[in-house]
Amino acid sequence: MKILSKNLMIRASAGSGKTYQLSNRVIGLVGRGGVDPERIVALTFTRKAAGEFADAVLEKLAEASLDERARRNIEKAIGGPMDPLAVLEKVVRSLPRLALGTMDSFFTRVVRGFQYELGITGGSFELLEGPQRRAKLDELLGGLVGNALWDDDAEDFLAAFRRATMGREQKAVVDLLLDFFNAWQDKWRERGPALLEGIRGTFGELPEVGAWEREKAGRVAALRSAAKDIGWTRKGQKEAMEKALKAIEEHTIGSGSLGGAGGFLGGMLEWDGEQPLVLKYYKEVAVGAEFEDRLRELRSLLVDCELAAAVERTLAVLSLVGAFDAICERQLRRRGLLGFDDVKVLMGEWLASEAGRLRRESVDYRLDARYDHWLLDEFQDTSTAQWHGLMPWVDEAASDGEGTMFVVGDAKQAIYGWRGGEVRLFDEVRERYRGDLVLESMPVSWRSCEPVLRLVNRVCGNRGGIEDLFGEGIAARWSAGWEEHQPADSGPGGHARVEVVEGRESEARYQRVIELLKEIGVGRREMSCGVLVRTNRQVVELADRLREAEFQVIEEGRRRPTEDHAVGVALRSLVAWLADPADGMERGVLAMSPLDRVIGERHGPVWQARWEGLLKDVEARGFGGMVEDLLRPLLGTISAFGHGRAMDVVRALEAFDGEGGGGPRQALQAIEKLEVAQEPGSAAVQVMTMHKAKGLGFDVVVLPEIGDEQVPNAGKFELAEGPEWLLQPPAQWVRRQRPELREAEARWAEAQQYEAMCLLYVALTRAKRGLYVLVPEVPSNRKEGLWSSPAELIRVACDSDGREAGVIAEIGDPEWWSGIDLREPPKPDDQPALAKPKPLRARTTPSGEKMQGGARVAASPAGLRFGSEVHAMFERVGWIDEEAPALPDDEAGGLVQAILKKLPEVFERRGRKVALLREQPVEAIVGGRWMSGIIDRLHVIDGGREVEIIDFKTDAIEQPEDLAERYAAQMHAYRQVMAEVHPGAAVRCLLLSTRLKSLIELP
């Protein structure tokens, strides 16, 4: 590879030495090309990666200055001789002025230096990020909600907002609003008011939404009349047709599902309108030309009215988003308060207007004399906005005689599409500089051993399996950038193994992780270990399990101390109650926590006296000192993990105090959305998400959470997008009738599938010597056929149907670890060891024991698995009178669908003011005992005046009295908790028996 080619693009596979080549490029430009280091711009995506890059340059030069062999290696890589000591001196002298860092930081640096040229004249530029930015946006949202923008149009917005946030009712409204605006505001800023015209122009003239209600009766009557002439071929078909027509007749626009009225309705909706319509109910039946004509007329009106409603909702959303963006413009951006996204948009404004182009030219004219050489790392994660900001500079460097361009990345590791990364920019750049660009690839891995790479090749190089599961388009696109991975040398041996773990629950796989780590000797031997999962919640759960098994563990990522642990939640409730002593919910949480005892001992039993006493403590010691003092008597009862979370909150409050402080409301703002960055440490086991593991390598990698959900999940398709339009998509059966929406959904689906492939590839390629993949057992009720999930791709690559637990693939030496040195045991501490603390209260689980006649009721593994699947189905159900849930066509999904039909009143909002919480964890002190449990479904009505506790039971019982007797104690405990949380509320306890399909209310 000629690393100093003028314009060079490298596709670098995982572990192939990307940082090595980046550092060679810089050393070669300075050492061979005589380039001033200050004229080089090297940009990547994280501060960590930038630091590693800088370290690699300095370490190579230092080593080459001292070692002749190292010098020859560098000279060979850069194509000629150089003086490493002179180059090192040059680089070190330039360090304070080097443009080496993240894209965001570089853009910010440019804006700070040229704010007036770029049109920021309302104040000094200030980067607004993190909690400070969140606090400003919360303030603006509060004004938006309360001011005159909430006129008659607000109803349309709220309808769209409810649809977009279905299933997330447990989040605070402001949180949901902020998520919602963030998702739409970027699109608005990219294309602005042109979107409004684009939507109208794309979908043309549509009828009024009300046309359906006015005309549906006549249209259905005409269809029913035409159905009289159909020659039915089997008994029951006529009734099935009437059921389908009834569902259409009762349908209201925007309500989503059409009731799932058997196969006839699906066939009528999916008919292409061209071929003769043949429906099937046990037997096929042709409906005839008259029925087809009437169906075309009815379906055309129905689809157009549904689309009209979606357009109206979207226009309402955009009007509100535009209003919110205008507020941000006036209150923030014009005053020089910009976030990273604002900076990126500002740098790309030259494409949007002539004024923007002229402003940008004035900046570029001055910067062209400063920077000539551009190095862009991790290019697959570059967003369109970032590329538009860089393009004028890179164009100049690529075409200028003295300038150069270097682009490196890996399309197979494009895992950040959800935050704007556009992997297709690789192809765009290649085409843009065609003829002047040298293309190279790096398929040789310096990280992973041969057995690990064989498994990677077997899974990710399996074009046939990828095509079968995800389609020919994804297979072709993936294969275009795929090369068989090879180890750099034979090196030490290793091992790769894939296991199917019995059952579907994470618990079984987590237990297997513990067994594996003990078997391999992680913690006892000199090896690093990464356990990679998909979500931050899984990080916390698995890390806790590993600590319980006495492993030294560190979590990587961003932790949220006031959300992810009971101690932090209690401390947040303490500060929230101080901010609003009338808040019964926060006071109830505080009363159920161990803090209650300490506060009572110090300030008495009266809540008014407690409130006044705690605020006096704040006056004396600050919020941080007050909280730390309350925690001191509890240290013996708090785990090390919990203590760490508590100290996160204390430190944040101490920082708040140190900055001048404020009242309880301001203190609450300081900790409510607190996030603390965590970096990998020296612990034996590091638990992190697959996303966070990108760029890292471990001797041992365990993957217990490879996704087995089908990709894509149509229920997550929340934003349809075309070249000139956006739309909050209507129901799936509507989307299938419009080519624009079909194509938009197909593009979205392909992006989801490609990113799932990329995430799987990243996870598999982190291992150096040991790779252990744990996939769940395929449930017995899953129908035969293709199942498009990453876990299924692994099973297919290993020639397994996944229906039996056990090892399905094994490559290399299972005992490779036996040659790894043991860690030296830590030196004994001279201080005497303290006895383990005695817990003050035993922990009980109300649902842990089913009692019947004094004996414990045993449950079969199959019954437990099916019960878990049914509970997972119910978790998808929100309010069915607002949005039909997406349930699979399997045994569990069919059972839940039947229950929804028989007991709809349980799952309907019916216009009530009710908060819905699903799978709600409960931690409380009841009768002197610590109780932990999970309420399946909780309705909090009219702000807590009434509470409904609903638990789903799959027990195989014949009489409702048996179920009531079995769970009376559990439901009584939940009733006590809710009575504490919502004093004075009317609490109803309901058991929903899936066996009896009935609702049982407990007295």
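On a 1 Å grid over the protein atoms alone, a cavity is a set of points where a 1.4 Å probe fits but cannot get out. Its volume is the space filled by probe spheres set on the points, with grid points joined across faces, edges and corners. The model is predicted: local features need pLDDT of at least 70, side-chain atom pairs count only at pLDDT 80 or more, and totals for chains, interfaces and linings use all residues. Residues are numbered from 1 along each chain as its sequence is written, and side-chain values use heavy atoms, with hydrogens and water left out.

**Exercise 1. Describe the largest cavity and its lining.**

Step 1. Start with the volume. The largest cavity holds about 120 Å³ of space. The structure has three cavities of 30 Å³ or more.

Step 2. Find the lining, meaning residues with an atom within 4 Å of a point. There are 13 such residues, and Val-26, Val-57, Val-91, Leu-98 and Leu-100 are the closest to the centre.

Step 3. Assign elements. Helices (H or I, at least four residues) and strands (E, at least two) are DSSP runs, numbered from the N terminus. Strand S2 (40-44), helix H2 (47-66) and strand S3 (99-102) each supply at least two lining residues. H2 gives the most, with four.

Step 4. Sort by class. Ala, Val, Leu, Ile, Met, Phe, Trp, Tyr, Cys and Pro count as nonpolar; Asp, Glu, Lys and Arg as charged; the others, Gly among them, as polar. The lining has 13 nonpolar, no polar and no charged residues.

**Exercise 2. Treat the second largest cavity in the same steps.**

Step 1. This cavity contains about 50 Å³ of space.

Step 2. Leu-22, Ala-42, Leu-43, Thr-44, Ala-49, Phe-53, Leu-375 and Asp-377 line it. S2 and H2 are the elements that give two or more residues. S2 has the largest share, three residues.

Step 3. The classes are six nonpolar, one polar and one charged.

**Exercise 3. Work out how H23 packs on H28.**

Step 1. Two packed helices are described by the angle between their axes and the distance between the axes. Axes are lines fitted to C-alpha atoms, for helices over the stretch in contact, and angles run from 0 to 180 degrees between N-to-C directions.

Step 2. H23 (residues 566-579) and H28 (residues 664-672) pack at about 155 degrees, with axes 8 Å apart. The pair is therefore roughly antiparallel (an angle over 145 degrees).

Step 3. List the contact (heavy atoms within 4.5 Å). H23 uses Leu-571, Arg-572, Val-575, Ala-576, Leu-578 and Ala-579; H28 uses Pro-664, Arg-665, Ala-667, Leu-668, Ile-671 and Glu-672. Nine of these residues are nonpolar, none polar and three charged.

**Exercise 4. Repeat the analysis for H26 and H27.**

Step 1. H26 (residues 607-631) and H27 (residues 640-658) pack at about 155 degrees, with axes 6 Å apart. H26 is therefore roughly antiparallel to H27.

Step 2. The contact includes Gly-622, Gly-624 and Gly-625 of H26, and Met-647 and Phe-656 of H27. By class, the contact has eight nonpolar, three polar and three charged residues.

**Exercise 5. Locate two backbone exceptions and state their angles.**

Step 1. Most residues other than glycine have a negative phi, and most peptide bonds are trans.

Step 2. Val-711 and Pro-712 are joined by a cis peptide bond, with omega about 0 degrees. Pro-712 sits in the loop between strand S19 (698-703) and strand S20 (720-721).

Step 3. Asp-799 has a positive phi, near 55 degrees. Asp-799 belongs to the loop between helix H32 (790-797) and strand S23 (806-812).

Terms used: Angles under 35 degrees count as roughly parallel, over 145 as roughly antiparallel, 65 to 115 as roughly perpendicular and the rest as oblique. On a 1 Å grid over the protein atoms alone, a cavity is a set of points where a 1.4 Å probe fits but cannot get out, and a pocket is an open set with protein on both sides within 12 Å along at least five of seven lines; lining residues have an atom within 4 Å of a point.
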